[in-house]
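Good morning, everyone, and thank you for making time for this. I would like to take you through one model, beginning with its overall make-up and then turning to a few places where the side chains deserve a careful look.

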Amino acid sequence: MFQWIAKDILDANVDRLQDSFQKAHPFRHMVIDELVEKDSLIPLLKAFPESSWSGWENVSHEHQHLKQVCNDISIIPDPLRTLIYELNSGPFLNWLSKVTGIPQILPDPHLFGGGLHSTGPGGTLTPHTDFHVVKGLPLFRRLNLLFYLNSDWTEENGGMLELWHKNQDRIEKTVLPTLGTCVLFQTDNDSMHGFTTPVSSKNRQSVAIYYYTASDAEQFSGDGVTYWRSQSAANDSSSWLRLQAQRTLLFGARVASGLSWRFGMMAEKTRK
């Protein structure tokens with residue numbers, strides 16, 4: 001069924017990966033080396049566009065330096081395009097639900113913020129927590145998947161993914177973005193991540209996929225804003241209050257809409 005994802009290997013290791021994900025610190029995550037078999041990595045690496053490719057969009061700003069992205073699936077070259085389709089497919093979403101315990105995971109066919117990522121030498125990414133509430137849509141961001149395509153990458157090349165303990169404001173874990181390494185983590189109010197060691201010598205390349213649910217998490221997991229490290233602690237309480245107010249107003253609107261529908265039906269029956 002899958003051309004690139006090693007689904008049989010993932011299925012065979014689902015219990016181990018589930019345990020790893022649930023027990024991970026500083027927030028739920030897992031590092032997977034089995035997403036794609038080693039023999040299949042070279043074609044994916046060769047297909048990754050050069051930094052001069054016309055399909056890149058420059059998204060650099062004060063918190064993410066020298067970063068380019070492409071989320072237009074129509075121009076992403078094969079076999080990377082096929083890999084993205086597989087990562088958004090029903091069977092893979094079901095596997096994600098098993099390993100994370102999050103039911104009814106949904107893909108993002110528009111690759112909002114996802115797709116191909118490339119950060120040039122000197123680039124950094126300020127530690128941050130991602131938005132949770134999708135503006136304009138009844139969706140909640142729940143998972144980030146990062147699949148790295150960097151050959152012969154060492155610590156000297158910089159750009160190690162950092163998982164931060166948000167409350168203690170320190171790096172809890174680093175992950176070297178080597179060829180074939182995949183990191184899956186839960187997106188919530190505590191999942192602070194980034195890379196503060198500048199990329200050196202060559203571009204840092206990855207495929208990024210974000211996953212959603214139609215129902216919110218059971219506990220507060222953030223609002224519609226990306227909070228960078230310097231902003232995050234200061235905004236926790238205001239974010240919570242703002243989200244509660246939003247939920248209250250939305251509930252009130254739904255009640256009013258339901259009552260309006262009922263009264264309309266009653267009026268229609270009376271006229272008949």
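How many helices and how many strands does the protein have? What you see is a predicted model, and in it the protein has 6 helices and 12 strands. Of its 272 residues, 49% count as buried, and the accessible surface comes to about 13,900 Å², with 53% of that surface belonging to carbon and sulfur atoms. If we take the contacts between residues at least 6 apart in sequence, 81% of them join residues that are at least 24 apart.

Let me turn to the nonpolar interior. As a general point, nonpolar side chains in soluble globular proteins tend to be buried together. Here the largest nonpolar core has 42 residues, and the ones with the most contacts inside it are Phe92, Trp95, Phe147 and Tyr211. At least two residues of this core are supplied by each of several elements, among them helices H4 (80-87) and H5 (90-100) and strands S9 (182-186) and S11 (204-213). The largest share, 5 residues, comes from H5. There is also a second, separate core of 13 residues, which includes Leu146, Val175, Val183 and Ala208.

Which residues does phenylalanine 92 contact, once its neighbours within four places in sequence are left aside? They are Phe2, Ile5, Leu10, Leu35, Glu86, Leu87, Leu145 and Tyr211.

Leucine 106 makes an interesting companion to that residue. Leucine 106 lies in the loop between H5 and S4, and with a relative accessible area of 33% it is partly exposed. A nonpolar core as counted here takes buried residues, and buried means under 20% relative accessible area, so leucine 106 at 33% is not a member of such a core. Even so, leaving aside neighbours within four places in sequence, leucine 106 is in contact with Leu93, Leu139, Tyr211, Tyr212, Thr213 and Ala214. In the case of leucine 93, which is 13 residues away along the chain, the C-alpha atoms of the two leucines are separated by 7.2 Å.

Next, a look at one strand and its partners. Strand S3 covers residues 67-70, and from it Lys67 and Val69 point one way while Gln68 and Cys70 point the other way, all of them being buried. Strand S2 (residues 57-58) runs antiparallel to S3 and is joined to it by 2 bridges, with glutamine 68 in S3 as the bridge partner of asparagine 58. Strand S4 (residues 115-119) is also antiparallel to S3, and here 4 bridges join the two; lysine 67 has threonine 119 in S4 as its bridge partner.

Since Cys70 has come up, some of you may be wondering about disulfides, and the structure holds 0 of them. Cysteine 70 counts as buried at 2% relative accessibility, and cysteine 182 counts as buried at 0%.

Finally, the charged pairs. In general, side chains of opposite charge can pair when their charged atoms come close. How many salt bridges does a search of the whole structure find? The search finds 7, and I have picked out three of them.

In one, the side chains of glutamate 34 and arginine 16 meet with N to O at 2.4 Å. That pair links distant parts of the chain, with glutamate 34 in the loop between strand S1 (29-32) and helix H3 (41-47) and arginine 16 in helix H2 (residues 14-23), 18 residues apart. Arginine 16 is partly exposed, at 43% relative accessible area.

Another stays within a helix: aspartate 19 pairs with lysine 23, the closest N and O atoms being 3.0 Å apart, and both residues lie in helix H2, 4 residues apart, or about one turn of the helix. Aspartate 19 counts as partly exposed at 40% relative accessibility, whereas lysine 23, at 57%, is exposed.

The last one joins aspartate 130 and arginine 141, whose closest N and O atoms are 3.6 Å apart. Aspartate 130 sits in the loop between strand S5 (125-129) and strand S6 (140-148), and arginine 141 is in S6, 11 residues apart. Are the two partners buried or exposed? Aspartate 130 is buried, with a relative accessible area of 9%, and arginine 141 is buried too, at 3%.

Terms used
Residues numbered from 1 in each chain as written. Predicted model: local features only at pLDDT ≥ 70, side-chain atom pairs only at ≥ 80, totals over all residues. Heavy atoms only, no water. Salt bridge = Lys/Arg side-chain N within 4 Å of Asp/Glu carboxyl O. Buried < 20%, exposed > 50% of the residue type's maximum accessible area, 1.4 Å probe, protein only. Contact = heavy atoms within 4.5 Å. Areas by Shrake-Rupley, 256 points an atom, 1.4 Å probe, with all protein chains shown as cover. Pairing = 2+ DSSP bridges. Disulfide = S-S within 2.5 Å. Core = buried A, V, L, I, M, F, W, Y, C linked by side-chain atoms within 4.5 Å.
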